[in-house]
Amino acid sequence: MGLSLVTAITATVVVPRGPVAADQVSDLQAKATQVAKDLVLQQLQVDTYQQQYGADVTKVQQDEAAIGSTESQIQSDTNRVSRDHKRLQSEAVWAYIHLGGDASGTPTIFENQTLAPTRTEYEDVASGDIALTIDSIHIDENRLRAERATLAQQKAEDQATTDQEASLTNSARQTAASLAAQQSEVTGQLAVAVAQQQAAQAAAAQAAIRTAQAKAAAASIATTSRASSTTSTVPQASGSTADPPNTPAADPQLPPFLQCVLQAESGGDYQAVSPDGQYMGGFQFSQATWNEAAQLAGMPQLINVPPNEATPAQQDDLAIALYNADGEQPWNDSCASG
């Protein structure tokens, strides 16, 4: 009986640390699908081995029953032969001794020499019948022994096949368990990869939203600043009064030096960030210098706020405060005088 075991070659899948790309997620999904297919095939193989094992066990049981029946038949025939043998011997001896006798004690043929030929003939017939019967018994015994030996050999072969089937079934179950473990591992890694990818996408979306909001706020403030500047150039009517004390101040007027710094450092882009990420905003503040300027300007709410995320007016206020405190020294660029 030819049997084969499908061996699944498993491989450990390792998800690299750090951002997870879409192709890694696709690769894990493909591996998870393949493992699931291998697991189904292996389970089918296990079922096949179990069915074959059941059939072999049934065959062994049938052979054992046949051997038991044959042994019972041998024992029955042996007992019958023994009984027939004893009965034939008893009848032959009784007939040999009492042939021609009667109940009154008349002498048997063995005491009458005239009946010697009859006695010889009877001995030949009686002994011949017994020999034939014994020969037949021996033939039956030999046939039964041969049949028993054949059945015993068949039982041994069936037992060997059953043992092989049990071994293959256990091996298939172990392979199926290994595939199930690999499927669980790949599924877990896939879930982690998908979660990391979704987190990265969410972070990128949030960053894009913040950038858009900052640009929109800057554009709105710039528009308001330009409108205020235009309004301030219109002469006031005679007898007009000053602005109320609670009117918000307009975008501060930058000194010529800071106007030059704004163009030299960022080209007038209040959202600019240096390539190394250390300097930000229109005046290219470092975070430490920005925090110091916020204290100087009396605007502690801007401490630790990235400079490029503050409004242009706030950046101008902090630049003026720093300029008033330290002069041109903090920038040290081509705009410096003398």
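A residue counts as partly exposed when its relative accessible area lies between the limit for buried, under 20%, and the limit for exposed, over 50%. Glu 64, at 38% relative accessibility, therefore counts as partly exposed. The legends below describe close-up views of a predicted model.

**View 1. The whole chain is built from five helices and zero strands.** Read from the N terminus on, the elements follow one another as α-α-α-α-α. The chain has 338 residues, of which 25% count as buried. Its accessible surface comes to about 21100 Å², and 55% of this area belongs to carbon and sulfur atoms. Among the contacts in the chain with a separation of 6 or more, 69% are accounted for by residues 24 or more positions apart.

**View 2. A salt bridge joins Glu 64 and Lys 155, with the closest N and O atoms 3.6 Å apart.** Glu 64 belongs to helix α1 and Lys 155 to helix α2 (residues 116-232), so this pair ties together parts that are 91 residues apart in sequence. Lys 155 is partly exposed, at 31% relative accessibility, and Glu 64 is likewise partly exposed, at 38%. As background, side chains of opposite charge can pair when their charged atoms come close. A search of the whole structure finds seven salt bridges.

**View 3. Within helix α1, Asp 27 and Lys 31 form a salt bridge, their closest N and O atoms being 3.4 Å apart.** The two residues are four residues apart in helix α1, and so they are separated by about one helical turn. The background to this spacing is that an α-helix has 3.6 residues a turn, so residues three or four places apart point the same way. Asp 27 is partly exposed, at 37% relative accessibility, and Lys 31 is partly exposed too, with a relative accessible area of 33%.

**View 4. Asp 77, Arg 80, Asp 84 and Arg 87 are linked in a network of salt bridges.** One of the pairs to look for is that of Arg 87 and Asp 84, whose side chains meet in a salt bridge of 3.9 Å, N to O. Arg 87 and Asp 84 are three residues apart in helix α1, which means that about one helical turn separates them. Arg 87 is partly exposed, at 42% relative accessibility, and Asp 84 is also partly exposed, with a relative accessible area of 21%.

**View 5. Val 40, Leu 41 and Leu 44 make a nonpolar surface patch of about 290 Å².** Leu 44 is found in helix α1, which covers residues 22-98. With a relative accessible area of 48%, Leu 44 is partly exposed.

**View 6. Helix α4 (residues 287-296) has buried residues, namely Trp 290, Asn 291, Ala 293 and Ala 294.** These four cover an arc of only 165° around the axis, and they therefore sit on the same side of α4. On the other side of α4, by contrast, Ala 288 and Gln 295 are exposed. The buried residues of α4 pack against α5, which covers residues 312-326. Just after α4, Gly 298 takes a positive phi of about 70°.

**View 7. Ring pairs link Phe 257, Tyr 270, Phe 283, Phe 285, Trp 290, Tyr 323 and Trp 331 into a cluster.** The structure holds seven aromatic pairs. In general, a pair of aromatic rings is described by the distance of the centres and the angle of the planes. Trp 290 also appears in the previous view, where it is one of the buried residues of helix α4.

**View 8. Gln 284 and Asn 304 each have a positive phi although neither is a glycine.** Most residues other than glycine have a negative phi. Gln 284, with a phi of about 55°, lies in the loop between α3 (256-266) and α4. Asn 304, with a phi of about 70°, is found in the loop between α4 and α5. Gln 284 counts as buried, at 14% relative accessibility, whereas Asn 304 is exposed, with a relative accessible area of 56%.

Conventions:
Residues are numbered from 1 along each chain as its sequence is written. This is a predicted model: local features need pLDDT of at least 70, side-chain atom pairs count only at pLDDT 80 or more; totals for chains, interfaces and linings use all residues. Side-chain values use heavy atoms; hydrogens and water are left out. Patches are made of residues with over 30% relative accessible area and no salt bridge: like charges are joined within 9 Å, nonpolar side chains (Val, Leu, Ile, Met, Phe, Trp, Tyr) within 5 Å. Accessible areas come from the Shrake-Rupley method with a 1.4 Å probe; for residues, only the protein chains shown count as cover. A salt bridge is a side-chain nitrogen of Lys or Arg within 4 Å of a carboxyl oxygen of Asp or Glu. Buried means under 20% relative accessible area, exposed over 50%, partly exposed in between (1.4 Å probe, protein chains only). The arc is that of the directions from the helix axis to the C-beta atoms. Contact means heavy atoms within 4.5 Å. Rings of Phe, Tyr and Trp (its six-membered ring) pair if their centres lie within 6.5 Å; planes under 30 degrees apart count as stacked, over 60 as edge-to-face and the rest as tilted.
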